[in-house]
Amino acid sequence: MRTDRISKDASKFRKPPNMDDYRSLYRDFSWDAAKSLLSLFPDGSYNIAREALDRHALGKNAEKIAICWLGIEGERRTITYRDLKHQADRFAGALQSLKMDIGDRVFLLLDRIPELYSAFFGALEAGCVVCPLFSAFGPDPIATRLELGEGALLVTTEDQYTSKIEKIRDRLPELKHILLVGENGPTNVKNTYDYHTQLQKQPELFETMPMLADDPALLHFTSGTTGKPKGALHAHHAVLAHTATGKYALDLHEDDIFWCTADPGWVTGISYGIIAPLSNGVTMIVDQADFEIERWYEIIQKEKVTVWYTSPTALRMMMKAGAAAARACDLSSLRLIFSVGEPLNPEAVVWGLEAFGLPIHDTWWQTETGAIMISNYASQEIRPGSMGLPFPGVNVRLIRRSGEKLEFIDKIGEEGEIAIQAGWPSMFRTYINSAEKYRGCFQNGWYFTGDLAKRDADGYFWFVGRSDDVIKSSGHLIGPFEVESAMMEHPAVAEAAVIGKPDEMAGQIVKAFLSLRKGFDASPVLKEEIYAFGRKRLGAVAPREIDFMDSLPKTRSGKIMRRLLKARELGLPEGDTSTLEASR
Ligand code: PRX
């Protein structure tokens, strides 16, 4: 643990923070009282769309810009809360005309285009469950998720359709309808319609469905060490946590220009790239283009971004490019910078001061927690390298599990698994395809996160590592099993083991160890062919490095020892794999 600290001087705040006294808010907070941040239906019913969209679109914020959309080609479009609501209402109408029911799953496979946001809210308005997919996935991960999630309707673009969906559609009997966003207009393909034509047929108004707090709303796929991806299901109640964390952790004020750089194909891009900012009534930036340092600085400068939520990978890349590039632009609009998704190097926190005149605030949470659980707050001292303090209303402890026994770790600096007392509003409600795995995450009313951490004397949490084999690459969680399964479908591959190899920029990269079937030679040509095969099947999560081996190391029961491969890769003693995850 580092000892340097960045204290906050209240006189320098551009605005009084929404939470100026962390300790007293933590002590007095209750989720029930926090409901005053929402505008629930008169009978207490919920809908995420009501909180994040309707109450603004139908109230004083109707003409306020909800989304400032920046296109790849330099286009700039502003979408008011009212515009967004009209489009969402039409999408909800289209779902009804296609006989989609409450609880049906609507999948979105879209780049960051305006239609994504209308479809997201329209589906929620109609009581459907929304499942976003990362548009850089290849056809294999897409098919797996649509199949497991029993997607009934998919919204995608013509390009994604022809390059990925057409080939897998036969595998998806549950998929009744596809709406295509594109230039070509109506199609002749059965049950496939043009998005805009369908929407134009609908009335401009739709009454958002009142839902119970526990009714499902969002489905986010995530990965574990073994088996297929897990579909973490979240309820409408989650909006309470999104709104409260937006207000007290990200410190959103109504006049903020907020930019969350995460893609909505991942949980951050939904919870904080859509719901939390809009529920707090701010204007948010959506950039269609991928990460590019100069473009990003220009966006902050031109759009006068005030609160920025980004990733350690992006910050490390900016750090590498040097603080001068940041200082060459006028980034003085910024008042707070946050990061999430992977360990944030203490150097990056301090570098923020040099480049932006602001420290980086680390935040910690997971797909399963649905919202920020631990964070560095606007008013609190920052300890570089620490994830911060638990969010009010969230009871976080370090616990060691041995069988039935739970050992609470209270000793300063001792390692334990991060566990959260069950019951916060954005807690996932099940893994749709694995209720047993879901139950396995809980014990005696505590949710076990799989992350190891330490705590200091003032309650700040310090990340140590994962207790399993999942890979974190550029903040994206990747399950080794899914990658191994795809690699093994190549005719030359007999066995596959996939690990996260430490990488200075991306945190980890996906590395595959492969043994070959008889009759195949470990040639550079074959390696190239397997790389290409991986990219075609998996897209952005394909292995970036491949090593051929005669055979892969296995336990006596025949299980491939990924950890041993990782120890060898890191040059650690093979007998001592205990520090493997901690070393990433
Ligand atoms: O291991 C932790 C890491 O990301 C995991 C959750 O990944 P995912 O479900 O994809 O959600 C990512 C965005 C919320 C965690 O179990 N992680 C997340 N934030 C941090 C982190 N590791 C270290 N420091 C963080 N701030």
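Reader: Into how many nonpolar, polar and charged residues does the shell around the ligand divide?
Author: Happy to start there, with the classes spelled out. Ala, Val, Leu, Ile, Met, Phe, Trp, Tyr, Cys and Pro count as nonpolar, Asp, Glu, Lys and Arg as charged, and the others, Gly among them, as polar. The shell has 8 nonpolar, 5 polar and 6 charged residues.

Reader: What kind of model is this?
Author: Local features need pLDDT of at least 70 and side-chain atom pairs 80 or more, while totals for chains, interfaces and linings use all residues, as this is a predicted model. Residues are numbered from 1 along each chain as its sequence is written, and side-chain values use heavy atoms, without hydrogens and water.

Reader: How far is an oxygen atom of the ligand from an N or O atom in the side chain of Lys 472?
Author: Two other side chains help to set the scene: for Asp 451 the distance from a ligand oxygen to an N or O atom is 3.0 Å, and for Arg 466 it is 3.0 Å. For Lys 472, the distance is 2.8 Å.

Reader: Is Leu 133 buried or exposed?
Author: Leu 133 sits in the loop between strand 4 (129–132) and helix 6 (139–148); these are DSSP runs numbered from the N terminus, with helices (H or I) of at least four residues and strands (E) of at least two. Buried means under 20% relative accessible area and exposed over 50%, with partly exposed in between (1.4 Å probe, protein chains only). Because its relative accessibility is 2%, Leu 133 counts as buried.

Key: A polar contact is a pair of N or O atoms within 3.5 Å; within protein, one must be able to donate a hydrogen and the other to accept it, and residues adjacent in sequence count only if both atoms are side-chain atoms.
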